[in-house]
Amino acid sequence: MRSDRAATRSDHAATSWQRRYAARLAVTDLLIVVAVIFGTQFFWLGFNSQDVSGLSILDYTALSLLLAIAWAATLTIYDTRSPRVVGYETAEYRAIVNGALRLFGVVAIISFLLQANISRGYILISFPLGVLLLILSRWLWRRWLHSQRTHGEMISRVLLIGDTAANLRIHSELLRSPESGFVVVGACSTSPERSDRLGPTGVPVLGGLDDVAEALVTTGADTVLVSSESGLPADRVRALSWQLEAGQQHLIMAPNLTDIGGPRIHMRPVAGLPLMHVETPRYTGPQVVAKRAFDLLGSGALILLLSPALLVIAFLVKATSHGPVLYGQERVGMNGVPFMMLKFRSMVVGADAQLSQLLAEQGRSDAPLFKVENDPRITKVGRVLRKFSLDELPQLFNVFLGSMSLVGPRPQRDGEVALYDDAAQRRLIVKPGMSGLWQVSGRSSLSWEDAIRLDLYYVENWSLTGDLNILFRTFKAVFAPGETAH
């Protein structure tokens, strides 16, 4: 009886934190929407409310109140506070943007039909500013949520169901992203032979399929995660879902896929079958045009904005060590075509000729990512430039001229590309980038395997929203580089 009560308390705790978190988001959203809409009204139109042109029965104060209510309702309708999206990748942000665009469209249609001449400045300020502040608010809440999860709070307690190999794979993938909030507390194995523990992880194995109900009580799990390799027939999965308490315990099916992002996955029920469609990555047509336009405008703006800093860095490099200001190194670009990548020189002249000897001395001559520890070739100014990635700034010209992108897999040398397997070769089907997913996920501390995995994830799941997220994280890493920057 005590175990049942403990499990019930755990279930209620799991759902209560989700409700509390959603309520906090709702309050913050409402405050932002009200502040932005009424603030824009008073800033643009003054404190004396006036009638909407062409619609004498409605003044701007009443319009602002209606818009605030409609926007708050839109955020609810588009599930921006659903436990399935909050805190995970970009789905939460996309829902906010999509809802705002739909609301903006509805306002435009209604004003046209009623022949109401709503102030353009009032609309064109309030909507973009509101979206920006809503996303910023969600990002701040997400940082707080991730912090709570690192301390074991606001988590989902997961019971794995599958064979031993599948359970180990899923457990290792969940460990890669503790901020997701999924903590494995137990497993039920479908393997004929099983031990008391799930490999070296220490996760207890609590029996087989017939022991799921008891395992849920023992562990207090609120989420059952079934792998596609579990071999469970459809009727057993359905029966398992019936054992779970509605609204308190959740069933998740994990397909035999890894590193496939949300934009490529679509669920479509057909004849009672929940079919998962995995789209093939596309790098032609509108996607290429959009990315090139983004690169061209972004690099051009950054070159103009940073031109004073570029001149100062060039002077410091020239004044403190012998040799040219810029350093060009041949790297492998898109489709394996070599190009000359530009950097501010951060090493002594002739540094490339010393690389093989230094790698051999450190026993790293046959390892990928040719990094030399405590590199003696780096100048004093170069060490600072490299720590804050300032030596990479001339690559903005590579981006502007088209050999690189602002975001993409990091360009590598011929010797590193020669170590690629068939999967890693897919890094070369897009332009290399100044920054990329693995640079903002650990920089020099990542292993070769993790770096390749993150680059392939980027290649397979590219989106403009993802690029913006990586650039934001890049700026954060530049200003707070941490111990992994070399």
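## A tour from serine 389 outward

Start by selecting serine 389, which sits in the loop between helix 10 (380-387) and helix 11 (395-401). Serine 389 has a positive phi of about 60°, although it is not a glycine. Keep in mind throughout that this is a predicted model.

**The salt bridges of glutamate 392**

Stay in this loop and select glutamate 392, together with lysine 343. Their side chains meet in a salt bridge, at 3.9 Å from N to O. Glutamate 392 lies in the loop between helix 10 and helix 11 and lysine 343 lies in strand 10, so the pair ties together parts that are 49 residues apart in sequence. Is lysine 343 buried or exposed? Lysine 343 counts as buried because its relative accessible area is 14%, and buried means under 20%. Glutamate 392 is also buried, with a relative accessible area of 16%.

Now add arginine 410 to the selection. Glutamate 392 forms a salt bridge with arginine 410, and the closest N and O atoms are 2.5 Å apart. This pair links distant parts of the chain, 18 residues apart: arginine 410 is in the loop between strand 11 (405-407) and helix 12 (414-417), while glutamate 392 is in the loop between helix 10 and helix 11. Both glutamate 392 and arginine 410 are buried.

**Asparagine 335**

Next, select asparagine 335, in the loop between strand 9 (326-332) and strand 10 (338-344). Asparagine 335 has a positive phi of about 60° and is not a glycine. Is asparagine 335 buried or exposed? Asparagine 335 counts as exposed because its relative accessibility is 58%, and exposed means over 50%.

**The kink in helix 8**

Select residues 286-320, which make up helix 8. Where does helix 8 kink? There is a kink of about 60° at leucine 306, shortly before proline 308. Then colour the buried residues of helix 8, among them Lys291, Phe294, Asp295 and Gly298. Further buried residues of this helix include Ile303, Leu310, Ile313 and Val317.

**Arginine 81 and aspartate 29**

Move to arginine 81 and aspartate 29. These two form a salt bridge, with the closest N and O atoms 2.7 Å apart. Arginine 81 lies in the loop between helix 2 and helix 3 and aspartate 29 lies in helix 1, so the pair ties together parts that are 52 residues apart in sequence. Arginine 81 is buried, with a relative accessible area of 17%. Aspartate 29 is buried as well, at 2%.

A search of the whole structure finds eight salt bridges. Select Asp29, Arg81, Glu92, Arg138 and Arg142 as a group: salt bridges that share partners join these residues into one network.

**The largest nonpolar core**

Which residues touch the most other members of the largest nonpolar core? Select Leu63, Trp71, Ile118 and Tyr122, which do so in this core of 24 residues. Helix 1 (2-45), helix 2 (60-77), helix 3 (91-113) and helix 4 (120-150) are the elements that give two or more residues to the core. Helix 2 gives the most, with six residues.

Centre the view on leucine 63. Leaving aside residues up to four places away in sequence, leucine 63 touches Val52, Leu58, Ile118 and Tyr122. Another core, of 22 residues, lies apart from this one. To find that other core, select Met341, Leu396, Val407 and Tyr458, which are among its members.

**A nonpolar patch on the surface**

Switch to a surface view and select Val106, Ile109, Ile110, Phe112, Leu113 and Leu114. They form a nonpolar patch on the surface, with about 640 Å² of accessible area together. Valine 106 is in helix 3. With a relative accessible area of 42%, valine 106 is partly exposed.

**The whole chain**

Finally, clear the selection and show everything. The protein chain has 14 helices and twelve strands. Of its 486 residues, 43% count as buried. Among contacts with a separation of 6 or more, 70% are between residues 24 or more positions apart. The accessible surface of the chain comes to about 25,900 Å², and 63% of this surface belongs to carbon and sulfur atoms.

Notes:
Residues numbered from 1 in each chain as written. Predicted model: local features only at pLDDT ≥ 70, side-chain atom pairs only at ≥ 80, totals over all residues. Heavy atoms only, no water. Core = buried A, V, L, I, M, F, W, Y, C linked by side-chain atoms within 4.5 Å. Buried < 20%, exposed > 50% of the residue type's maximum accessible area, 1.4 Å probe, protein only. Helix = DSSP H or I, 4+ residues; strand = E, 2+ residues; numbered from the N terminus. Contact = heavy atoms within 4.5 Å. Bend = angle between axes of the 7 residues up to and from the residue. Patch = residues over 30% accessible without salt bridge, like charges linked within 9 Å, V, L, I, M, F, W, Y side chains within 5 Å. Areas by Shrake-Rupley, 256 points an atom, 1.4 Å probe, with all protein chains shown as cover. Salt bridge = Lys/Arg side-chain N within 4 Å of Asp/Glu carboxyl O.
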